[in-house]
Structure formats: C-alpha cells, structure tokens
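Biologist: Could you take me through this model step by step, beginning at the surface and then moving on to the sheet and the cores?

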Amino acid sequence: MKVAFLGAGLMGEPMAGHLLRAGHEVFVVAHRNRAPIQRLVEQGAVEVESVAAAAAASDLALMILPTSREVEKVLFGENGIAAGMGPNYLAVDMGTCYPADTKRLAERFTQSGGRLIDAPVTGGVEGARDATLSIMGGGDLDAFEQIRPLLSTFSSNLYHFGDIGAGHAAKLVQNMIGFIEVAAVAEGLALAKALKLDAPTFFHMLTNSHSNSPIIQWMVPKVFAGQFEAEARLDIAYKDMSQAVKLGREMTSLPLNIANAATEVFQLSRSFGFGDQDSTAVVRGLEKLLGEEIRVSSSETPSV
C-alpha cells in the first residue's frame, strides 16, 4: 500500500521502518527533527514537502501524534490531509487522544469526504522496534479489518473495541493502570530509601515476590542508574492520566481516587521541572522531598 506516515518519533520511526521492509511505499514529511526522516529516506521512504502532498500520493495516512490538537492541525490545517486527499481517504489516529475529540474530528473529517478511525498503540519503543505492539481500534470495523495486514507489520495483537473513540478510551484506561503502578513503584522506592533499606537487595526481593511485574523490572534499574532520557515523556504520562481522570468524570460516576492521587505524584515531578524526562522520572519529585537521590553504584546496578 501507499502510506503517508505522519509522526516519525521514537515509536513512529521504527513502525515506519517495518512498513518499508514489508514492501509498502511510505511518504514522510519533516517536522521538528529531520534525523528520523533522513534515516527513513535512506531505507526507501519518500520525503514530500507537505502533509497534503503525502495524502495526495497515498492510499491512507497513519498518524502517531501527541494530542488531538496536533491531529486536528494535520487533518485540517493549511496543506493538511483534507487539502490533498482523494475521495473516501482513510486516516488512522494512532496516538493517545481524548475520545470526545476523536468523535468530533471524525465527524468533521467525514464531512470533508474522508474517513477517520482510531487505533492507538501500546508496547513502548521496544515494542515498536520488535514489531510486538498491541493496537486498540475504534470506528468503522470494515476499515479496521481492511488495514489489519498493514498494522500487523508492526503489531502482534490487534483489538477492536467499538465505535469511533473506543480505541482511545481503551488506551487511556490501559495507560492509567500502567502509570498508577509507575507512581506506586516510585513511592515504594522513596519509602525504602527513607527507611535506609539496601537498594539492590530490595530490588531483588521485589522481583521474587508477588509484587513483581514487568514495570518493576523495567523501571527500577533505570531509577538506580539515573537513566531518565525520555522514551515516553513524563509530561505525556501526566496528560494521559489527566485525560483518563477526565474521562471517568465525564462519562461515568466512578470515583477514580487512586488515579487522581497518582496523577498528583506525576505533577509533583513536573513542578520540579522534570516534565521533559522519561515517565520514570516521576520518582525525582519524591527524591527532592527526601533530599537525596535513589541511586546505586554501577557495579551494583541491575542490568537495564
């Protein structure tokens, strides 16, 4: 297929690479950072001058963008998808956006002659590199099934949840659960530090307890090593948590007490200026309150 790939960031770049290796034609547009675009061009992607040009050259667009605001700009902005697409053009929103916004944009895009479905991904940068992402679909089921083979080039699990916005709702709930655990691990590490428990011993105990989880195995070594280079930025994690809480308030009567509290743990670290770091930097706000960092020497640091 001919695919406009919009959002070649940490996850988008390897996803687009899988499409190229599978034999699809991929059209890309430079935005903030030219480096990933150049690497994709070297793999066979075609760089075009605008989003409209990418839409005109392709059968569909895959968008992996941070928020609904960016999606709206890409769809309807000057030289956006709507300005270049053909009739019945399909756009797929693969970022983590707010369901009500997704429904609104889908209605507007339909009026412009296109189709919009949501298909956010989870699995992180590693999942994007290994083509093991999970995808949560919402919107027209026939459209989702038609592009299932395309999405399967970088995903090993695909789920469809219902009407437009349902995929984004599922993604927000999934992120909420994961980030609650990230906040809980951060608080646990801070408490263990305050109690002067030996950090490496505590980590190995955790991995041999009922508390063990993939998040503990991924997060704790990064904290010990002070490796907070962003894979998923803390600001984005806070945005996703805030949207999940908002979704609960607007669509249900559920009191999301734990999610609200965890969101404030992320906000604490943001208030100290760590928003551009990795989501695991949620621990850094607690470190500020402790007055010391949670680190161990390189010889004692478990492998990341």
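Biologist: Is Leu 191 buried or exposed?

Modeller: Keep in mind first that this is a predicted model. Leu 191 lies in helix H10, and its relative accessible area is 52%. A residue counts as exposed when this value is over 50%, so Leu 191 is exposed.

Biologist: Which residues make a nonpolar surface patch with Leu 191?

Modeller: The patch covers about 300 Å². Besides Leu 191, its makers are Leu 195 and Leu 197.

Biologist: Turning to the sheet, in what order do its 6 strands stand?

Modeller: Strands of a sheet pair through backbone hydrogen bonds, either parallel or antiparallel. Here the sheet is open and its pairing is parallel. Reading across it, the order is S3-S2-S1-S4-S5-S6.

Biologist: Which strands stand at the edges of the sheet?

Modeller: An edge strand here has a single partner strand, so one side of it is left without a neighbour in the sheet. S3 is joined to S2 by 2 bridges, with Glu 47 in S3 as the bridge partner of Val 28. At the other edge, 5 bridges join S6 to S5, and the strands at the edges are therefore S3 and S6.

Biologist: To which strands is S1 joined by bridges?

Modeller: S1, which spans residues 2-6, runs parallel to strand S2, residues 25-28, and 3 bridges join them; the bridge partner of Ala 4 in S2 is Phe 27. S1 also runs parallel to strand S4, residues 60-63, with 4 bridges between them, and Val 3 stands opposite Leu 60 there. The strands joined to S1 are S2 and S4.

Biologist: Through which helix does the chain cross from S2 to S3, and what is the handedness of this crossover?

Modeller: On its way from S2 to S3 the chain passes through residues 34-42, which form helix H2, and this makes a β-α-β crossover. The helix asked for is H2, and the crossover is right-handed.

Biologist: How many residues of strand S5 are buried?

Modeller: S5 spans residues 89-93 and is mostly covered. From S5, Tyr 89, Ala 91 and Asp 93 point one way while Leu 90 and Val 92 point the other way, and all are buried. The number of buried residues in S5 is thus 5 of 5.

Biologist: What is the bridge partner of Asp 93 in S6, and through which helix does the chain reach that strand?

Modeller: S5 and S6 run parallel and are joined by 5 bridges, and in S6 the partner of Asp 93 is Asp 118. The chain crosses from S5 to S6 in a right-handed β-α-β crossover, and residues 99-111 on this path form helix H6.

Biologist: Which helix supplies the largest share of the largest nonpolar core?

Modeller: The largest nonpolar core holds 40 residues, of which Leu 189, Met 219, Phe 224, Phe 266 and Val 282 touch the most other members. Helices H10, H11, H12, H13, H14 and H15 each supply at least two residues of this core. With 11 residues, the largest share comes from H10.

Biologist: How many residues are in the second, separate core?

Modeller: This second core stands apart from the one just described, and among its members are Met 11, Ala 119, Phe 144 and Leu 150. The number of residues in this core is 33.

Methods:
Residues numbered from 1 in each chain as written. Predicted model: local features only at pLDDT ≥ 70, side-chain atom pairs only at ≥ 80, totals over all residues. Heavy atoms only, no water. Core = buried A, V, L, I, M, F, W, Y, C linked by side-chain atoms within 4.5 Å. Buried < 20%, exposed > 50% of the residue type's maximum accessible area, 1.4 Å probe, protein only. Patch = residues over 30% accessible without salt bridge, like charges linked within 9 Å, V, L, I, M, F, W, Y side chains within 5 Å. Areas by Shrake-Rupley, 256 points an atom, 1.4 Å probe, with all protein chains shown as cover. Salt bridge = Lys/Arg side-chain N within 4 Å of Asp/Glu carboxyl O. Pairing = 2+ DSSP bridges. Right-handed = clockwise from strand over helix to strand, strands pointing away.
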